[in-house]
Amino acid sequence: MRSFEEILKLCEVDLEFHEAVVELESRESGKSEDLIYANMSYMFDAMEQSVNSAINAEFKGRMMEDEARRFERYIARRDVPLSGKFITRASRIALSVSQYNANMGRIVAAPTAGSCGILPGLLFAYRDLYGPSRDMLVKALIVAGGVGEVIQKRATLAGAEGGCQAECGAAAAMGSAALVYLEGGSPEASAHAAVLTIKSLMGLVCDPVAGLVEVPCIKRNGTLVSLASLCADMALAGIRSVIPPDEVIDAMRRVGRALPESLRETSKGGLATTPKGRELEKKIFSEVPPMAEI
């Protein structure tokens, strides 16, 4: 599927967003709809396992401390945190999963490893607080996958090609559309939730300090669940992007191509080249033992 337009046209024929995604995928891949659903069900189980492992894992970062556990302690001290129970729960999960990834834990790229915490943060916080069925969550994951595929085909999901708008931005857009689905919103609302999110992150650079998925990647995972949630609420309220969804993704592609190489995952710009960033990079690579001579 190359467009939201394709998905929404099928939805006009009385299909839900996830059903339209599965039908289009079946047409393109030749796989049965049952197999596509089964594959996504498997991915959901793998994501759940990674969340459970990440929540209980101790993080030993090279540049930062265990921020997920620090945030958990903060949440426990507050009856109602400023950001509310849903966003703080989603952020706690997102921080944990992205830290787990930085420590080489097994995760589901959603859509990439560097942005792996956002979608599970939103889905499993929603599960914990609102109790949807597993089937609904798998369908929400299919909705998210459909959004990711449109972004992949019309723009990119690679930070090296389009900056972090293509990784964390896409993940937040996928999660926002999934939340709308879980809340019973229309397919149109899911599409607009996704692009309201993208519009707010367009041009976000990819600037990993020392080339590692730690700073600023982990904290971006933790914060962007809030934007995804708010854009879902806006779409559910009837707010729509003035620019059509597919045109937003096309603009995202052009912006990504316009970003200089230094801001596309090369660690040659942005936060990676701040004095502190360079200091951390030097420290990390000075600790790496030299390769043994052959």
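A residue counts as exposed when its relative accessible area is over 50%, as buried when that value is under 20%, and as partly exposed in between. Asp14, with a relative accessible area of 70%, is therefore exposed. This residue of the predicted model sits in the loop between helix 1 (4-11) and helix 2 (17-29). Its backbone deserves a look as well, since phi of Asp14 is near 75 degrees, a positive value in a residue other than glycine. Most residues other than glycine have a negative phi.

A second residue of this kind is Ser267, which is not a glycine and yet has a positive phi of about 65 degrees. Ser267 is found in the loop between helix 12 (245-258) and helix 13 (275-286). Is Ser267 buried or exposed? Its relative accessibility is 9%, so Ser267 counts as buried.

From these two loops, the view can widen to the whole chain. Its secondary structure comes to 13 helices and zero strands, so that walking along from the N terminus, one meets an α element at every step. How does the radius of gyration fit with a compact globule? For 294 residues, such a globule would have a value near 19 Å, and the chain has 19 Å, which agrees. Along the principal axes, the C-alpha atoms fill a box of roughly 60 × 45 × 40 Å.

Burial and contacts add to this picture. Of the 294 residues, 52% count as buried. Among the contacts with a separation of 6 or more, 76% are between residues 24 or more positions apart. On the outside, the chain exposes about 13,600 Å², and carbon and sulfur atoms supply 54% of that area. The chain also carries 33 positive and 38 negative charges, and the mean positions of these two sets are 7 Å apart.

Aromatic rings come next. A pair of aromatic rings is described by the distance of the centres and the angle of the planes. The structure holds five aromatic pairs. In one of them, the rings of Phe44 and Phe124 have their centres 5.3 Å apart and their planes at 20 degrees, so this pair is stacked. The reasoning rests on a cut-off: planes under 30 degrees apart count as stacked. The pair links distant parts of the chain, with Phe44 in helix 3 (residues 33-56) and Phe124 in helix 6 (residues 118-130), 80 residues apart. Both Phe44 and Phe124 are buried.

Phe71 and Tyr74 form another stacked aromatic pair, at 5.9 Å centre to centre and with 10 degrees between the planes. Here both partners lie in helix 4 (residues 67-77), three residues apart, which is about one turn of the helix. How exposed are these two residues? Phe71 is partly exposed, with a relative accessible area of 22%, and Tyr74 is partly exposed too, at 23%. Elsewhere, ring pairs link Phe86, Tyr126 and Tyr130 into a cluster.

The backbone holds further points of interest at two prolines. Most peptide bonds are trans. Ala110 and Pro111, however, are joined by a cis peptide bond, with omega of about 5 degrees. Pro111 lies in the loop between helix 5 (84-102) and helix 6. The peptide bond from Val215 to Pro216 is cis as well, with omega near 5 degrees, and Pro216 has its place in the loop between helix 10 (187-201) and helix 11.

Helix 11 (residues 217-236) contains Cys217. With a relative accessibility of 14%, Cys217 counts as buried. Which residues does Cys217 touch, not counting those up to four places away in sequence? They are Gly114, Pro208 and Leu212. Cys217 can also be placed relative to Cys164: the two cysteines are 53 residues apart in sequence and 8.9 Å apart in space, C-alpha to C-alpha.

A last stop is Arg62, in the loop between helix 3 and helix 4. Arg62 is partly exposed, with a relative accessible area of 45%. Its C-alpha atom is separated by 35 Å from that of Val150, and these residues are 88 apart along the chain.

Methods. Residues are numbered from 1 along each chain as its sequence is written. This is a predicted model: local features need pLDDT of at least 70, side-chain atom pairs count only at pLDDT 80 or more; totals for chains, interfaces and linings use all residues. Side-chain values use heavy atoms; hydrogens and water are left out. Helices (H or I, at least four residues) and strands (E, at least two) are DSSP runs, numbered from the N terminus. The radius of gyration is taken over C-alpha atoms; the globule rule is 2.2 Å times the number of residues to the power 0.38. Buried means under 20% relative accessible area, exposed over 50%, partly exposed in between (1.4 Å probe, protein chains only). Contact means heavy atoms within 4.5 Å. Accessible areas come from the Shrake-Rupley method with a 1.4 Å probe; for residues, only the protein chains shown count as cover. Lys and Arg count as positive and Asp and Glu as negative; His and the chain ends are not counted. The place of a charge is taken as NZ of Lys, CZ of Arg, CG of Asp or CD of Glu. Rings of Phe, Tyr and Trp (its six-membered ring) pair if their centres lie within 6.5 Å; planes under 30 degrees apart count as stacked, over 60 as edge-to-face and the rest as tilted.
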